[in-house]
Amino acid sequence: MITNMKIKNWGRAVLHFLYPKRCAACGIILANEEHMLCLSCEKEFHRDKMLLCLDCNREQPACRCPPREMPKSGPDVFLHVIAYPCATARRVLPKLKKHCTKEEIYFCAEEMATVLQNEIPIERLRREQYLVTFVPRRPQNVRVYGYDHARLLAKRIADLLGLPCLSLLSHKGGTQEQKLLSAAKRRRNAFASFELRPKAVKEIHDRKLIIVDDVITTGSSMFACTKHLRNAGATFVISLTFAKTISANRYATALQYLPAQQIAQRRHLSMPDYDAENLNSPNRKTKQMREGLSYLDNVLEKRFDAF
């Protein structure tokens with residue numbers, strides 16, 4: 001028994017030497033105590049998750065706000081891990097799309113599965129009710145890069161949660177790329193780009209679906225997939241992505257609040273709750289967030305000597 005254990009440990013050491021674990025964000029070789037990210041990228045990723053949503057005043061993994069261009073008939077729940085253009089998203093997403101490795105897939109899938117479990121406890125994610133699927137990639141890009149990253153993410157998430165994963169939609173190809181179009185044209189182009197696979201209706205009927213993708217921008221592709229799946233009988237649809245795109249101006253504004261958030265977290269404080277009736281306009285939201293930061297600064301000044 002001891003000999004077998006020594007052989008296994010020796011084998012693991014050889015594999016780690018030949019194929020070392022690398023950081024999913026920057027790609028450097030990880031130390032033994034590091035998991036998916038190096039210490040530097042781990043700190044950066046933690047900061048990226050703390051970024052406040054300017055609509056709901058929640059940190060990114062707790063935000064449930066849809067993209068601003070998303071019609072009301074879109075998915076029932078929107079989940080994401082971080083906002084784009086955060087540093088971690090800028091590093092991970094290009095690798096995920098063009099030359100991804102197991103590290104990027106495992107890292108993104110693990111974080112996405114964690115966000116989903118925070119919304120729906122694992123004991124409620126039953127195989128007979130929930131089904132994992134994904135937004136299919138353009139056939140041209142699959143031929144160029146050799147894989148569909150959304151499919152890989154969906155399979156890994158399904159394995160982590162113990163749920164079935166099926167390819168329910170296909171991309172017709174031949175349409176324009178979404179990133180080249182306006183929001184209105186994106187929706188029309190996206191709906192024409194996707195279609196249900198044969199026999200998919202039998203699998204979808206009366207099921208709750210989790211649609212996986214790497215990033216959601218205007219939500220056109222997610223909306224088109226949701227519409228096709230609802231027409232086939234899906235009762236509940238969850239949008240699950242690693243990143244959600246926000247404008248550069250909103251990203252810069254949210255960055256202003258990070259130092260106060262980090263201080264509050266170290267001091268075990270929290271931002272004050274706002275009156276829901278006064279959160280109707282963006283100007284009012286920004287004003288109240290500034291008032292909250294001023295309140296937080298005053299509290300910290302009074303309590304600083306006590307720590």
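## Close-up views of a predicted model

**View 1. Strand β6 and its two parallel neighbours.** Strand β1 (residues 77-84) and β6 run parallel, joined by seven bridges. This is a predicted model. Within the β1 pairing, F78 stands opposite S239 in β6. Strand β5 (residues 208-216) also runs parallel to β6, and eight bridges join these two. Here I211 stands opposite S239 in β6. S239 thus appears in both pairings: opposite F78 and opposite I211. A further pair places D213 opposite T241 in β6. How many of the 10 residues of strand β6 are buried? Eight are, so strand β6 (residues 236-245) is largely enclosed by the rest of the structure.

**View 2. Strand β5, between pairings with β2 and β6.** β5 is mostly covered, with eight of its nine residues buried. One partner is strand β2 (residues 130-134), which pairs with β5 in the parallel sense over five bridges. F134 has V212 as its bridge partner in β5. The other pairing shown is with β6, again parallel, over eight bridges. Two residues of β5 mark that pairing: I211, opposite S239, and D213, opposite T241.

**View 3. The β5-α9-β6 unit.** Helix α9 (residues 220-231) joins β5 and β6 in a β-α-β unit. What is the handedness of this unit, right or left? The unit is right-handed. Its two strands are parallel, with eight bridges between them. Both strands are well covered: eight of nine residues are buried in β5, and eight of 10 are buried in β6.

**View 4. The cavity lined in part by β1 and β6.** The model has one cavity of 30 Å³ or more. Its space comes to about 30 Å³. Which residues line the largest cavity? They are C65, P66, P67, F78, L79, H80, I216, S239, T241 and K244. β1 and β6 each supply at least two residues of this lining. By type, the lining divides into six nonpolar, three polar and one charged. F78 and S239 are among the lining residues, and these two also stand opposite each other in the β1-β6 pairing. T241 is another lining residue; its opposite number in β5 is D213.

**View 5. The cis peptide bond at the end of β1.** The peptide bond from Y84 to P85 is cis. Its omega is near 25°. Strand β1 covers residues 77-84. P85 sits in the loop between β1 and α3 (87-98).

**View 6. Two positive phi angles on either side of α8.** K199 has a positive phi of about 70°, although it is not a glycine. K199 lies in the loop between β4 (194-196) and α8 (200-204). Is K199 buried or exposed? K199 is exposed, with a relative accessible area of 74%; the cut-off for exposed is over 50%. D206 also has a positive phi, about 60°, and is likewise not a glycine. The place of D206 is in the loop between α8 and β5.

**View 7. E111 in helix α4.** E111 lies in helix α4 (residues 102-119). E111 is buried, with a relative accessible area of 17%. The cut-off for buried is under 20%. Which residues does E111 touch, leaving out those up to four places away in sequence? They are F45, K49, V81 and F242. V81 falls in β1, residues 77-84. F242 falls in β6, residues 236-245.

**View 8. E195 in strand β4.** E195 is found in strand β4. E195 is partly exposed, with a relative accessible area of 36%. E195 and S170 are 25 residues apart in sequence, yet 5.6 Å apart in space, C-alpha to C-alpha. Not counting residues up to four places away in sequence, E195 touches L168, L169, S170, K172 and H228. H228 belongs to helix α9, residues 220-231.

**View 9. The whole chain, for context.** The protein chain holds 12 helices and six strands. Of its 307 residues, 44% are buried. Consider contacts between residues at least 6 apart in sequence: 73% of them join residues at least 24 apart.

Definitions and conventions:
Residues are numbered from 1 along each chain as its sequence is written. This is a predicted model: local features need pLDDT of at least 70, side-chain atom pairs count only at pLDDT 80 or more; totals for chains, interfaces and linings use all residues. Side-chain values use heavy atoms; hydrogens and water are left out. Buried means under 20% relative accessible area, exposed over 50%, partly exposed in between (1.4 Å probe, protein chains only). Helices (H or I, at least four residues) and strands (E, at least two) are DSSP runs, numbered from the N terminus. Two strands pair if DSSP finds at least two bridges between them. A crossover is right-handed if, with the strands pointing away from the viewer, the path from the first strand over the helix to the second runs clockwise. On a 1 Å grid over the protein atoms alone, a cavity is a set of points where a 1.4 Å probe fits but cannot get out, and a pocket is an open set with protein on both sides within 12 Å along at least five of seven lines; lining residues have an atom within 4 Å of a point. Grid points are joined across faces, edges and corners, and a volume is the space filled by probe spheres set on the points. Ala, Val, Leu, Ile, Met, Phe, Trp, Tyr, Cys and Pro count as nonpolar, Asp, Glu, Lys and Arg as charged, and the others, Gly among them, as polar. Contact means heavy atoms within 4.5 Å.
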